[in-house]
Amino acid sequence: MGRKVTVATCALNQWVLDFEGNTERILRSIEAAKARGARYRLGPELEICGYGCADHFYESDTLLHSFQALKILLEADGTQDIICDVGMPVMHHNVRYNCRVLFLNRKILLIRPKMMMANSGIYRELRWFSPWTRPRHVEDYFLPRMIQEVTGQDTVPFGDCVLSTKDTCIGTEICAELWNPNSPHIHMALDGVEIFTNSSASHHELRKADQRVHLIRSATTKSGGIYLYANQRGCDGDRVYYDGCAMVAVNGDVVARGDQFSLEDVEVVTATLDLEDVRSYRGELLQPAMRSEDQVCVRVKVDFSLSSSDVFLPTQQPLQWRFHTPEEEISLGPACWLWDYLRRSGQAGFLLPLSGGVDSSSTACIVHSMCTLVCRAAADGNLQVLEDVRRVVGDAAYDPQDPRELCGRVFTTCYMASENSSENTRGRARELAAQIGSTHLNINIDAAVKGILGIFSAVTGCWPRFRVSGGSHRENLALQNVQARVRMVLAYLFAQLSLWARGRPGGLLVLGSANVDESLTGYFTKYDCSSADINPIGGVSKTDLRGFLRYCAEHFQLSALGGILEAPPTAELEPLKDGQVSQTDEADMGMTYSELSVIGRLRKISKCGPFSMFCKLIQAWKDVLSPSEVALKVKRFFRMYSVNRHKMTTVTPSYHAESYSPDDNRFDLRPFLYDPRWRWQFRCIDDQVSQLEPKAEQ
């Protein structure tokens, strides 16, 4: 019996409904796996059509084109003599399933439907797919005629089964099944399955990678075995970035891994492992617990071996996994997402209103990081990146070498000054633009603002005033909103025409820069320059962004960030006082950004309403705030949140980076018309305060 097996997993940058590109990348990964001696190749979840098809899964075209792509894969010479495991939707008995299709030498071995669906957070799989609810049950699946013509098969096994080769046994998990407390690998291990595979479409969130690695290590620590993990990579057409991390683990140790963030469209990870290591591990630790008669797996046998007879073939050894810091994750994840969006959108670059504050500076630094990654990938010989960047800049001979020079070609920043803008913010924006290399514009919006107010005055006979000049709160807010909305209109005008004015073809994508905490409270103007095409920081907290800028100041040698970090956050929409800023964000909101991060996590992750949030915060903040002060902050937050929730229905599509994001699209589904008085809830808080305050005084 052979002992050593070489297996391959991969991370692929698939794109929804790009059947031609997706099929080409699958073929490249299979060919790369074979070239490295692998006899089994695992790919990401739903890799043929792309994971994020959403309601396109309802369309019969998606099923048809998936089978057409499968036919190409079956017929390809490069897919012979290797077990290929690919993902696609399959309809069985008029029910749609998320499936793995395993084939070898133009024969389909089995189709394994997903049994435990991802249906929380950003995931809505039960909207499109049904879970397979019959453990260890297999039925006949009648193949479409186009597939029958290739395979010569009428039916193939469909259901919960494992693949038994001449030398080992392979069992399948699909994405969320690993995260389930009753994961299939537990029962498969107890029945002697030695190799587990997991095909995922797992998205990036800050501080999440270690959870994924821990689960995979734990799966093989407690039951032994080899675990292959494949994941999608990149932006496949939505707000999320799939962050790769393809890996192979054995008996609790990771022995091979791919990158978490990369511009490589196809990354293949191979490992050579000794099956006897699995058998020895189980023989010592698990022998009494092995095999339960009521949990015997259905085995599909195949006359094929994964192992090699080469006794000198070296095996992979355990490696240490270095996790990125949150600051590195912000630098890399959104930068890769922006690159995918830019190259696939057909546009020629980005435009950003750069105010000289933390948020817009963070967006600018992410674009600079993107340019750094592109230059590095081109220098490393990534031909796809080179082809894409040449198309973006409109120069077929272009060779990107300097990130600052590339930034000047693809990134335009503009400081939109008004009479309420300070020289400090103007100077900080100009200095940062010079250091990252963007094409920088200085625009004065006063004429446009006065023109709009002139129209209003001509119709009504009234001229609104700021609060400091005796105006009402409504006048004060309206005057701020006019400035903010003029900036949005001008941003789109310059995005459409600034390259034309320079004699270059193409348009620019407008970037937004509202952070997740501002979205929570609605502390931004609806349809201001937070309204953009995409926003790379919309899922990141202000606290994390400040840490990110400190990282960029050192990593990219951007000294301009020092002054930006020291300045108080401000919208600069109210008149200056003695030439200095008189308006600050935290004063306007009535709470700090660090307090907002805590409140945001309680609202979404801990699922707290006003009263339960108050109960938690009086403990968490007892050393700095009294119960009545906590009550005021909780009430203020929920008033702002409920009054401004409607803004989330039109918020710019943002990179999903936080588990407490208020994104209304499909992650945080809530009403947008509330009673902002919260009478019942606030009365419960008041009752609790009245009980606590006398005790606090005693």
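The following questions and answers concern a predicted model, its domains and some of its side-chain pairs.

Student: Into which domains is the protein divided, and how many Å separate the centres of domain 1 and domain 3?
Tutor: The protein is divided into domain 1 (4–322), domain 2 (327–445 + 491–589) and domain 3 (598–697). Taken over C-alpha atoms, the centres of domain 1 and domain 3 are separated by 42 Å.

Student: Which three residues supply 49% of the area that domain 1 buries against domain 3?
Tutor: In this interface, 12 residues of domain 1 are in contact with 13 residues of domain 3. The two domains bury about 1,300 Å² between them, with 46% of that on carbon and sulfur atoms. On the domain 1 side, the three residues that supply 49%, more than any other three, are Ile122, Glu205 and Arg239.

Student: Arg239 also forms a salt bridge; is Arg239 buried or exposed?
Tutor: The side chains of Arg239 and Asp238 meet in a salt bridge, 3.5 Å from N to O. Buried means under 20% relative accessible area. Arg239 has 17% relative accessibility, so Arg239 counts as buried.

Student: How many salt bridges are counted between domain 1 and domain 3, and how do the residues on the side of domain 1 that touches domain 3 divide?
Tutor: The count between the two domains is 1 salt bridge. There are also 4 residue pairs in polar contact between domain 1 and domain 3, with both residues at pLDDT 80 or more. The touching side of domain 1 divides into 4 nonpolar, 3 polar and 5 charged residues.

Student: Asp77 forms a salt bridge with Arg106; why does Asp77 count as exposed?
Tutor: The closest N and O atoms of Asp77 and Arg106 are 3.4 Å apart. Asp77 is in the loop between helix 2 and strand 3, and Arg106 is in the loop between strand 4 and strand 5, 29 residues apart. Exposed means over 50% relative accessible area. Asp77 counts as exposed because its relative accessibility is 62%.

Student: Lys635 forms a salt bridge with Asp686; which helices hold the two residues?
Tutor: The closest N and O atoms of this pair are 2.4 Å apart. Lys635 counts as buried at 12% relative accessibility, while Asp686 is partly exposed at 36%. The residues are 51 apart in the chain, with Lys635 in helix 21 and Asp686 in helix 22.

Student: Which side chain does a polar contact of 2.8 Å join to that of Glu139?
Tutor: Glu139 lies in strand 6 and is buried, with a relative accessible area of 18%. Its side chain makes a polar contact of 3.3 Å with the side chain of His137. The contact of 2.8 Å joins Glu139 to the side chain of His92.

Key
Residues are numbered from 1 along each chain as its sequence is written. This is a predicted model: local features need pLDDT of at least 70, side-chain atom pairs count only at pLDDT 80 or more; totals for chains, interfaces and linings use all residues. Side-chain values use heavy atoms; hydrogens and water are left out. Helices (H or I, at least four residues) and strands (E, at least two) are DSSP runs, numbered from the N terminus. Buried means under 20% relative accessible area, exposed over 50%, partly exposed in between (1.4 Å probe, protein chains only). A polar contact is a pair of N or O atoms within 3.5 Å; within protein, one must be able to donate a hydrogen and the other to accept it, and residues adjacent in sequence count only if both atoms are side-chain atoms. Domain bounds come from an automatic or database domain assignment. Contact means heavy atoms within 4.5 Å. Buried area is the accessible area (1.4 Å probe) that two parts lose on being put together, summed over both. A salt bridge is a side-chain nitrogen of Lys or Arg within 4 Å of a carboxyl oxygen of Asp or Glu. Ala, Val, Leu, Ile, Met, Phe, Trp, Tyr, Cys and Pro count as nonpolar, Asp, Glu, Lys and Arg as charged, and the others, Gly among them, as polar.
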